[in-house]
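Work through the exercises below with the sequence and the structure open beside you, and try each task before reading its solution.

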Amino acid sequence: MFSFGKKEEPGLVEVSNQRRPSNVEAMNQQHRKSVSNKGLTGASALTVKQSIFPITLVTILFFLWGFAYGLLDVLNAKFQNSLGITAAKSGGLQGAYFGAYLIGPPTYSGWIVRKFGYRWTFIAGLCIYGVGALMFWPSAVYRSFGGFCGSLFIVGSGLSTLETSANPFIATCGPPRLSELRLEISQSFQAIGSVMAPLLASRVFFKETDPTDLSSVQWTYLGIAAFVFLLAVVFLFAPLPEVTDADMALQAEQCSGLTGYVEKPLKKQYKLFFGVAAQFCYVGAQVGVAAQFIKYAVESAGISDAAGSDRYAIGQGLFAIGRFAAAGLMMFMKPRWVLLAFMTGVMIFICCSMGIKGEGGVAMLSLVLFFESCVFPTIFTLSIRGLGRHTKRGSSWIVASVSGGALFPSLTGLVADHKGYHIAMCVPLIGFTVAFAFPIYLNTLCAQELDGFRETKIGYYDEDGLAIGDIQHEERRASLVHEEKGISPLEKEVAY
């Protein structure tokens with residue numbers, strides 16, 4: 001298991017013996033259609049200015065993923081009404097969607113990103129997503145629940161492929177000290193997509209005229225397919241720097257004085273394994289809450305499904321606000337502290353939602369969504385810190401852990417069918433409890449390593465206008481040392 005994908009990773013000697021390109025060369029080679037994962041590109045020291053455009057372009061994918069995820073939760077309630085299925089059976093939608101994450105990232109998605117680079121992984125993911133969206137048409141015509149599950153499996157395969165590339169790309173494209181902040185901001189737009197989806201679903205796509213009519217599903221996903229295929233063409237020609245595992249190995253070595261980094265085989269990356277387990281349980285719990293939110297609101301406050309959808313939109317709005325709030329906090333606080341604080345909030349309010357009924361219960365569950373906001377991207381970035389040449393393979397494992405969303409919704413729905421939706425929140429509570437242990441572990445045993453990456457100035461400009469960590473900066477320092485007979489001048493670091 002640990003050796004799968006190992007041959008696409010560079011060896012340490014292989015990295016050290018290569019010529020080191022500059023970050024300028026990395027930007028000049030953005031139109032290359034593929035790149036060797038074992039080769040240095042110069043992208044290990046990209047500056048904020050150099051990374052703005054590619055990160056903005058990839059952030060569009062996060063919005064797309066959020067929109068699909070938000071639409072999924074409304075589809076769940078729609079199918080329960082239109083096809084007369086139970087809450088447990090409707091969890092099959094989540095099972096199909098998130099089950100694809102268990103298969104793709106560790107196998108074909110992870111192989112594509114290591115073999116051909118981020119660009120082709122983006123394109124492959126978009127094309128798979130588009131095919132899945134087109135499959136909704138015949139599924140709606142035949143009113144086949146199995147067909148919808150199959151379509152969502154294909155959509156999930158496409159989106160898992162996108163996540164296998166998008167999350168590590170955002171985390172590694174730019175100064176390493178800003179990794180958590182970059183992914184938090186990009187994922188904030190995913191949250192905006194999640195807010196827009198239920199609003200458009202209740203007001204436009206699935207506006208209730210005939211409760212059994214599924215024709216609106218056909219046209220909704222046909223439009224999504226057209227947009228996705230167009231976006232794939234954009235990524236084919238867009239300028240994107242490639243960050244390889246060789247670049248990450250070099251960056252990890254450069255930070256070792258601050259982080260205490262020591263090269264280890266993947267099987268000894270214990271922080272990664274704990275992160276995978278925490279992410280699996282967290283995502284499962286998050287999806288379990290989201291999948292049953294509308295029905296919970298109906299049971300708790302005695303409102304209609306349409307009103308429940310509006311409450312869910314408010315909850316998703318709080319989720320989006322929470323992402324931006326967490327990003328703001330990360331500018332002043334250590335990400336490991338922010339993760340611990342937000343997970344504490346999740347634990348408090350999920351317990352409150354089990355005991356409080358009426359609109360108060362809905363409010364408690366909405367606050368759970370607020371504090372969930374930063375958990376996924378922060379677990380992701382903190383888990384891959386210090387992986388070096390294992391970064392892409394480790395990232396694939398973290399994305400695969402999203403498959404937890406295939407397990408928890410059905411279990412939550414099963415309990416809801418027998419005990420009600422309030423008691424059913426005990427299932428997400430179990431998942432959140434496991435995830436809560438991860439920030440405690442980080443703050444007690446991994447503080448030095450994580451804080452070291454936050455303190456590094458790689459990707460920032462020095463007083464001569466050269467990017468720290470770039471080959472041009474190091475050659476300049478070596479030249480000065482030689483000229484002054486071994487005495488290095490005081491370097492004043494200026495953040496850009």
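**Exercise 1. Describe the nonpolar patch on the surface and find which helices supply it.**

Solution. Begin with the members of the patch: V131, L134, M135, W137, V141, Y142, W219, L222 and F229 form a nonpolar patch on the surface of this predicted model, and together they have about 880 Å² of accessible area. Next, assign the patch to helices: α6 (118-134), α7 (136-141) and α10 (215-237) each supply at least two of its residues. Among these helices, α10 gives the most, with three residues.

**Exercise 2. Decide whether V131 is buried, partly exposed or exposed.**

Solution. First locate the residue, which lies in helix α6 and belongs to the nonpolar patch. Then take its relative accessibility, which is 41%, and compare this value with the cut-offs, under 20% for buried and over 50% for exposed. Because 41% falls between these limits, V131 counts as partly exposed.

**Exercise 3. Work out the surroundings of Q50, starting from its helix and ending with its contacts.**

Solution. Q50 is found in helix α3, which covers residues 48-82. Its relative accessible area is 15%, and since buried means under 20%, Q50 is buried. Now follow the side chain of Q50, which makes a polar contact with the side chain of N23 at 3.4 Å and also reaches the backbone nitrogen of T47 at 3.0 Å. Finally, leave aside the neighbours within four places in sequence, and the residues in contact with Q50 are N23, V24, M27 and A45; N23 thus appears both in this list and as a polar partner of the Q50 side chain.

**Exercise 4. Place Q251 in its helix, and state which residues it contacts beyond its neighbours within four places in sequence.**

Solution. The helix that holds Q251 is α11, made of residues 245-254. With a relative accessible area of 5%, Q251 is buried, because this value is under the 20% limit. Once the neighbours within four places in sequence are set aside, Q251 is in contact with S44, P176 and I458.

**Exercise 5. Summarise the protein as a whole, from its helices and strands to its surface.**

Solution. Start with the elements, which are 23 helices and two strands. Turn next to burial: of the 496 residues in the protein, 60% are buried. For the contacts with a separation of 6 or more, 82% are accounted for by residues 24 or more positions apart. Last comes the accessible surface, which amounts to about 18,200 Å², with 67% of it belonging to carbon and sulfur atoms.

Conventions. Residues are numbered from 1 along each chain as its sequence is written. This is a predicted model: local features need pLDDT of at least 70, side-chain atom pairs count only at pLDDT 80 or more; totals for chains, interfaces and linings use all residues. Side-chain values use heavy atoms; hydrogens and water are left out. Buried means under 20% relative accessible area, exposed over 50%, partly exposed in between (1.4 Å probe, protein chains only). A polar contact is a pair of N or O atoms within 3.5 Å; within protein, one must be able to donate a hydrogen and the other to accept it, and residues adjacent in sequence count only if both atoms are side-chain atoms. Contact means heavy atoms within 4.5 Å. Patches are made of residues with over 30% relative accessible area and no salt bridge: like charges are joined within 9 Å, nonpolar side chains (Val, Leu, Ile, Met, Phe, Trp, Tyr) within 5 Å. Accessible areas come from the Shrake-Rupley method with a 1.4 Å probe; for residues, only the protein chains shown count as cover. A salt bridge is a side-chain nitrogen of Lys or Arg within 4 Å of a carboxyl oxygen of Asp or Glu.
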